[in-house]
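The following questions and answers are intended for a first-year student. Please consult the sequence and the structure while reading them.

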Amino acid sequence: LSTCELSGKTVLVTAGPTSEAIDPVRYITNHSTGKMGYAIAKAAIRKGAKVILVSGKTNLKPPLGLEKFLAVESTMDMYNAVVENLDGCDIIIKSAAVADYTPKTKSDKKIKKTEGELVLELQRNPDILFEIGKIKGDRILVGFAAETDDLMENAAKKIEKKNLDFIVANDITKEGAGFGVDTNIAKILYRDGSVIELEKMSKDELSEIILQKVAELSGK
Ligand code: PMT
C-alpha cells in the first residue's frame, strides 16, 4: 500500500457535532463524538495529504501533522470555516453531524424558569454540503448519511441533491455503527448507483478505505 497516494492534495475534513446556543447556559446538539472524522483526518495525513480539520466540540486531541485545526461551535461557524478554506482544497469529506436547526432568537441572558411551558422556535441552518456542492468545481466531495430508516434511498437522494462523488451511509440504529463507538458499518454509494457494502470494522479501517476510494477518483 502506498502511503503517498494523496501527496500534493489538500483534504478538508469536518468532524464532530455542531451546537446551537439557546442562551449562555443551554444548547442544542447531537451525539457525535468526532471519532469518525478524526480517524479520516489521521488516515489522510498517513496518505501524505495536507489536512485541514474543522471540528465541533469533542474530547479528542487533534491528530499530529495537521496543516490547520479549526474549532467551531455552531453550524454557521462550520459553514464559514469550510467556505473560507475552500480555495486550494482538492477533497472535502463531511463527516460532521450538523445541526439543521437553530433557535430563532438567542437570549444573551439565562432564560428564567416560569410556570407553564416554554416554546422554542427553530429556524433552518444552511446545508453546508448542499452549498459546497453548487460550487464544487473539480473538487472531490464526499458526504455521510446517518439514517435510522430507508438508508440507501435517503443516501441516494443526498448524493444527488448535494452533488457528491460518493456518500458513506451508516445506519445509526445498528449495534457497532454510527455515533460514539469505535467501529462503524457502512455502505459506500456512488453516483452511478454502484454500492460497496462493508462489514463492521474500526473507524480507522473504514477511513483507510474511504481515502483509498478518494485516491482512486483523484487519479493517483
Ligand atoms: O462522530 P462519531 O461519534 O464518530 O459519529 C460518526 C457519525 C455518525 C457522526 C458519522 O458517521 C456520520 O454519519 N456523519 C454524518 C451525520 C449527519 O449529519 O448526517 P446527515 O444525513 O444529517 O447529513 C448528510 C450530510 O450532509 C453529512 O455529510 C453532513 O455533514 C452534511 N450536512 C448536513 C446538514 C447540514 N445542515 N449541513 C451539512 O453539511
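**Loops, sheet and ligand shell**

Asn-163 is found in the loop between H4 and strand S10 (166-171). The model under discussion is a predicted one.

Q: Is Asn-163 buried, partly exposed or exposed?
A: A residue counts as buried with 20 or more other C-beta atoms within 10 Å, and as exposed with 12 or fewer. Asn-163 has 16 other C-beta atoms within 10 Å, so it falls in between and is partly exposed.

Q: What is the value of phi in Asn-163?
A: Most residues other than glycine have a negative phi. Asn-163 is a residue other than glycine, yet its phi is positive, near 60°.

Q: Where is the place of Asp-150, and is this residue buried or exposed?
A: Asp-150 lies in the loop between S9 and helix H4 (151-161). Its phi is positive, about 45°, although it is not a glycine. Because it has 11 C-beta neighbours inside 10 Å, Asp-150 counts as exposed.

Q: Which strands are the edge strands of the open sheet of eight strands?
A: The order of the strands is S5-S4-S1-S6-S9-S10-S12-S13, with mixed pairing. An edge strand pairs on one side only, and this holds for strand S5 (68-71) and strand S13 (195-197).

Q: What is the average twist from one strand to the next?
A: The sheet in question is the open one of eight strands. From one strand to the next, its twist averages 15°.

Q: In what sense do strand S1 (residues 10-15) and S6 pair, and which residue stands opposite Val-13?
A: S1 and S6 pair in the parallel sense over four bridges. Opposite Val-13, in S6, stands Ile-93.

Q: Which residue of S9 stands opposite Ile-93?
A: Strand S6 (residues 91-94) and S9 pair in the parallel sense over four bridges. Within S9, the bridge partner of Ile-91 is Ile-140, and that of Ile-92 is Leu-141. Opposite Ile-93 stands Val-142.

Q: Which residues of S6 point one way, and which the other way?
A: In a regular strand the side chains alternate between the two faces of the sheet. In S6, all four of the residues named here are buried: Ile-91 and Ile-93 point one way, and the other way point Ile-92 and Lys-94.

Q: Over how many bridges do S9 and S10 pair?
A: Val-142 in S9 stands opposite Phe-166 in S10, and Gly-143 stands opposite Ile-167. The two strands pair in the parallel sense, and the number of bridges is six.

Q: Why is S10 described as largely enclosed by the rest of the structure?
A: On one side of S10, Phe-166, Val-168 and Asn-170 are buried, and on the other side Ile-167, Ala-169 and Asp-171 are buried as well. S10 is therefore largely enclosed, the buried residues being six of the six.

Q: At about what angle to S10 does H4 run?
A: H4 lies across S9, S10 and strand S12 (186-190). Its angle to S10 is about 150°.

Q: How many of the residues of S9 are buried?
A: S9 is mostly covered. The buried residues number seven of its eight.

Q: Is Thr-10 buried or exposed?
A: Thr-10 has its place in strand S1. Leaving aside neighbours within four places in sequence, its contacts are Ala-49, Lys-50, Ile-52, Gly-88, Cys-89 and Asp-90. Because 20 other C-beta atoms lie within 10 Å, Thr-10 is buried.

Q: Which residues come nearest to the ligand, and which elements give two or more residues to the shell around it?
A: There are 28 residues around the ligand, and Lys-35, Ile-128, Leu-129, Phe-144 and Ala-146 come nearest. The elements that give two or more residues to the shell are helix H1 (35-46), helix H3 (128-134) and strand S9 (140-147).

Q: Which element gives the most to the shell around the ligand?
A: The residues of the shell divide into 11 nonpolar, 12 polar and five charged. With four residues, the element that gives the most is S9.

Q: What ipTM does the predictor give the complex?
A: The chain averages a pLDDT of 96, and 99% of the residues score at least 70. For the complex, the predictor gives a pTM of 0.97 and an ipTM of 0.98.

Notes:
Residues numbered from 1 in each chain as written. Predicted model: local features only at pLDDT ≥ 70, side-chain atom pairs only at ≥ 80, totals over all residues. Near = placed C-beta within 6 Å. Nonpolar A, V, L, I, M, F, W, Y, C, P; charged D, E, K, R; others polar. pLDDT = per-residue confidence, 0-100. Pairing = 2+ DSSP bridges. Axes fitted to C-alpha atoms, helices over the stretch in contact; angles between N-to-C directions. Contact = placed C-beta atoms within 7 Å.
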